[in-house]
Every structure is written in structure tokens, then in C-alpha cells.
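Please open the model in your viewer and keep a selection box at hand, since this tour moves from one selection to the next. Bear in mind throughout that the model is predicted.

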Amino acid sequence: MDEQSPSPTPSQEARQWAMFCHFAAFIGLLIPFGNILGPLIVWQLKRDLDPFVDDQGKEALNFHITVSIAALVCMLLAVVVIGFLLLPLLGLAALVLTIIAGIKANEGKLYRYPLCWRLVK
């Protein structure tokens, strides 16, 4: 996990929008694939505001794409029962890591999710 403070320190507005990029994934609790759509929409709207928002928006989007792919694999593995055990663990890990990322972004620190497939560069 690479945690660094970007230079110069992002503005309060930039830090808040970066936090919203991470927390927008909770829309997935209401609509299917909202965990991808939420960060995507916030990132697309605010990525030109600050490089910090752009970076954290891409990071949130990449992580939740990875989580969605992992959830689909868990659903397939439910056929052999192991998926029923892995899916709740995946959900808990995604919840905890998203909260940590949002807090770090609000502090102005770059956050990198562990085990994340970075498709959006």
C-alpha cells in the first residue's frame, strides 16, 4: 500500500471530492453495479478540478471494477459451495477498504487499494 502526501497539499474541496469518489460506491447498495457507476460519475464530473481528485477517482473506479469481477467469480464458485463463504468476506473487505480510502482521501493522502487490478489509467 503506497500512502504518500501529494505535493502540494490538495485543497479542502479537492479532498472532499476525492472522498466522494470513494464513498459513491455505496450507491451499489441501492442499485445493481452502482458501486461502479457512482465513482465513475463523480470522477467524470470532477476529474478536471484537481489531479488528486483524478487520481483517487481512478483508484476508486479500478477497485470497484475489481470487486465486481471478484463477486461474479464468487457467484460462480457458489456452485461448489466455497462461493457462499467467499462472497461475504469480499463484501466486508470492500466495505472496510472503501471507508479507509475515503478517510485517507479526506486527509489529503494518496491511497492505493491492495490487490487492485488497475484497468483505468
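The stops below cover aromatic rings, a charge over a ring, the cysteines and a pair of helices.

**Aromatic rings**

A pair of aromatic rings is described by the distance of the centres and the angle of the planes. The structure holds four aromatic pairs, and a useful one to begin with is found by selecting F63 together with Y113. Their ring centres lie 3.9 Å apart with the planes at 5°, an angle under the 30 degrees that sets the limit for stacking, so this pair is stacked. If you now colour the chain by position, you will find that the pair links distant parts of the chain, with F63 in helix α3 (residues 51-77) and Y113 in the segment after α4 (82-106), 50 residues apart. Both partners are enclosed: F63 has a relative accessibility of 5% and counts as buried, while Y113 is likewise buried, its relative accessible area being 2%.

Keep Y113 selected and add Y111, which forms an aromatic pair with Y113 that is edge-to-face, at 5.2 Å centre to centre and with 85° between the planes. Y111 has a relative accessibility of 1% and therefore counts as buried, the limit being 20%. With F63, Y111 and Y113 shown together, you have one aromatic cluster on the screen.

**A charge over a ring**

Next, select W43 and R47, where the charged end of R47 sits over the ring of W43, at a distance of 5.1 Å from the ring centre.

**The cysteines**

Which disulfides should you expect when you turn to the cysteines? The count comes to zero. Select C74, which is in no disulfide, and you will find that the nearest cysteine sulfur, that of C116, is 16 Å away; C74 is buried, with a relative accessible area of 8%. Moving to C116, this residue is also in no disulfide, and the nearest cysteine sulfur to it belongs to C21, at 14 Å. C116 is buried as well, its relative accessible area being 12%.

**Two helices**

Finally, display helix α2 (residues 34-46) beside α3, whose axes come within 9 Å of each other and cross at roughly 165°. That angle is over 145 degrees, and α2 and α3 are therefore roughly antiparallel to each other. Looking along the line that joins the two axes, you can check the handedness of the crossing of α2 and α3, which is left-handed. The tour thus ends on α3, the helix that also carries F63 of the stacked pair.

Terms used
Residues are numbered from 1 along each chain as its sequence is written. This is a predicted model: local features need pLDDT of at least 70, side-chain atom pairs count only at pLDDT 80 or more; totals for chains, interfaces and linings use all residues. Side-chain values use heavy atoms; hydrogens and water are left out. Rings of Phe, Tyr and Trp (its six-membered ring) pair if their centres lie within 6.5 Å; planes under 30 degrees apart count as stacked, over 60 as edge-to-face and the rest as tilted. Helices (H or I, at least four residues) and strands (E, at least two) are DSSP runs, numbered from the N terminus. Buried means under 20% relative accessible area, exposed over 50%, partly exposed in between (1.4 Å probe, protein chains only). A charge sits over a ring if NZ of Lys or CZ of Arg is within 6 Å of the ring centre and within 35 degrees of the ring normal. A disulfide is a pair of cysteine sulfur atoms within 2.5 Å. Axes are lines fitted to C-alpha atoms, for helices over the stretch in contact, and angles run from 0 to 180 degrees between N-to-C directions. Angles under 35 degrees count as roughly parallel, over 145 as roughly antiparallel, 65 to 115 as roughly perpendicular and the rest as oblique. A crossing is left-handed if the near helix is turned anticlockwise from the far one by less than a right angle, and right-handed if clockwise.
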